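Dear colleague,

Please find below the structure that I am handing over to you, followed by an account of what was found in it. I would be grateful if you read the text with the structure open beside it.

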Amino acid sequence: MQDLIISNLSKTYKNGVKALQDITLQIPIGMYGLLGPNGAGKSTLMRTIATLQTPDFGSIQLGGLDVLAQPNELRKVLGYLPQQFGVYPALSAELLLDHLAVLKGIINSKERKEIIQALLHKVNLYEVRKQKLGGFSGGMKQRFGIAQALLNNPKLLIVDEPTAGLDPVERNRFYNLLSEVGEQTIVILSTHIVDDVKELCPRMAIINKGKVLVQGNPLQIMENLQGRLYEKMIHKNELEHYKNEYQVISDRLYLGNQIVHVLSDKHPGSGFKLIEANLEDVYMSQIFNA
Ligand SMILES: Nc1ncnc2c1ncn2[C@@H]1O[C@H](COP(=O)(O)OP(=O)(O)OP(=O)(O)O)[C@@H](O)[C@H]1O
């Protein structure tokens, strides 16, 4: 299967917000992390790829498919889990999957049953398949969301901030499931949780204000900051001064003091120690410089 190729995608909403500004990305099979702060344009990009809205300019290709010109063809090979995914609370998981499968065109009942049983096992909901969705936990609902997105065995799976509100155990379980899907499928995962991308995605992009700030392999991207990142513990009253004097890319409270990370080509002075950059630093430095 070929990559998803997004070229020069732009979108300005009627209120003048430039949600996408000349976005160009190449996304291969596997997990692809789309990182960005609130309002960066992640959902707009995902909805555009999912053919739920149209851009002003640009193109999207999936293999030989011109996605914008052939939205119905794309939908046949697309799985989508939107940020807000509602379920019918009175229906059981099995029954709702059955309805959704019919809507997706799986009309042969034997085939439908087989697909649904296999998916319920895959997302670990087989034991609770007869229970009403209204009683499901957040994590169970999200796993149900993935099951419905996989009904048509998609080539492209889009999941928009899927782990909001999940506890660490459920988040882990959910990501294991996504990684498994990512072995054969293009999986685009949007999130603002930097660690999720670092651990799961061999490729990623950081976007902000509708623009791609950086893209590539997380380890290689982190490499670019090595030898230029320094840390110092300061008194919290000193923060303003350090922000004026140095390129402070992040600051956090630590036991009543403040720890700052500073980007500098040469040693910034006493008390600073050189540290290894992590993806959070990359993210903060990109957002800082944007
Ligand atoms: N239908 C719309 N009409 C006007 N402006 C919009 C619309 N949808 C989104 N926007 C604006 O476009 C920008 C990008 O929004 P988008 O929802 O794509 O960002 P996001 O990265 O998904 O954010 P979040 O992480 O908060 O979900 C924001 O400034 C948002 O307010």
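Strand S9 is largely enclosed by the rest of the structure, because five of its six residues are buried. Please bear in mind throughout that the model is predicted.

Which strands does S9 pair with? On one hand, strand S3 (residues 30-35) is joined to S9 by four bridges, and these two strands run parallel. Within this pairing, Tyr32 has Arg203 of S9 as its bridge partner. On the other hand, S9 pairs with S10 over five bridges in the antiparallel sense. Here Asn208 stands opposite Lys211 of S10. S9 and S10 form a hairpin with two residues between them, and Lys209 in that turn has a positive phi of about 50°. As general background, strands of a sheet pair through backbone hydrogen bonds, either parallel or antiparallel.

The chain as a whole

The protein chain contains 10 helices and 14 strands. Its C-alpha trace spans about 70 × 40 × 35 Å along the principal axes. Of its 290 residues, 35% count as buried. If one takes the contacts with a separation of 6 or more, residues 24 or more positions apart account for 69% of them.

The two domains

The domain assignment divides the protein chain into domain 1 (4-216) and domain 2 (223-289). Nine residues from domain 1 and five residues from domain 2 take part in the contact. On the side of domain 1 that touches domain 2, at least two residues each come from helix H7 (194-200), strand S9 (203-208) and strand S10 (211-216). H7 gives the most to this side of domain 1, with three residues. By class, the residues on the side of domain 1 that touches domain 2 are seven nonpolar, one polar and one charged. The C-alpha centres of domain 1 and domain 2 are 35 Å apart.

An open sheet

An open sheet of four strands follows the order S2-S1-S4-S5, with antiparallel pairing. Its edge strands are strand S2 (18-27) and strand S5 (65-66), each of which pairs on one side only. Strand S4 (residues 57-62) and S5 run antiparallel and are joined by two bridges. Leu62 has Leu65 of S5 as its bridge partner.

Helix H5

How many residues does H5 have, and how far does it reach from its first C-alpha to its last? H5 has 12 residues and reaches 17 Å, close to the 16 Å expected at 1.5 Å a residue. The buried residues of H5 include Phe144, Ile146 and Ala147. Gln142, Arg143 and Gln148 are also among the buried residues of H5. The buried residues of this helix pack against strand S6 (78-81), helix H3 (93-103), helix H4 (109-122), S7 and helix H6 (168-181).

Two loop residues with a positive phi

Most residues other than glycine have a negative phi, and most peptide bonds are trans. Two loop residues deserve a look with this in mind. Asn153 has a positive phi of about 50° although it is not a glycine. Asn153 is placed in the loop between helix H5 (138-149) and strand S7 (156-160). Is Asn153 buried or exposed? Asn153 counts as exposed because it has 12 C-beta neighbours inside 10 Å, and a residue is exposed if that number is 12 or fewer.

Leu255 is not a glycine either, and has a positive phi of about 50°. The loop that holds Leu255 runs between strand S12 (247-254) and strand S13 (257-263). Leu255 is exposed, because 6 other C-beta atoms lie within 10 Å.

The surroundings of the ligand

Which residues are the closest to the ligand? The ligand is surrounded by 13 residues, of which Tyr13, Asn38, Lys42, Ser43 and Thr44 are the closest. Helix H1 (residues 42-49) gives the most to this shell, with three residues. By class, the shell around the ligand has four nonpolar, eight polar and one charged residues.

I suggest starting with the hairpin of S9 and S10 and then turning to the shell around the ligand.

Yours sincerely

How values were computed. Residues are numbered from 1 along each chain as its sequence is written. This is a predicted model: local features need pLDDT of at least 70, side-chain atom pairs count only at pLDDT 80 or more; totals for chains, interfaces and linings use all residues. A residue is buried if 20 or more other C-beta atoms lie within 10 Å of its own, exposed if 12 or fewer, and partly exposed in between; C-beta atoms are placed from the backbone. A residue is near a molecule or strand if its C-beta atom, placed from the backbone, lies within 6 Å of it. Ala, Val, Leu, Ile, Met, Phe, Trp, Tyr, Cys and Pro count as nonpolar, Asp, Glu, Lys and Arg as charged, and the others, Gly among them, as polar. Domain bounds come from an automatic or database domain assignment. Two residues are in contact if their C-beta atoms, placed from the backbone, lie within 7 Å. The expected span of a helix is 1.5 Å times one less than its number of residues. Two strands pair if DSSP finds at least two bridges between them.
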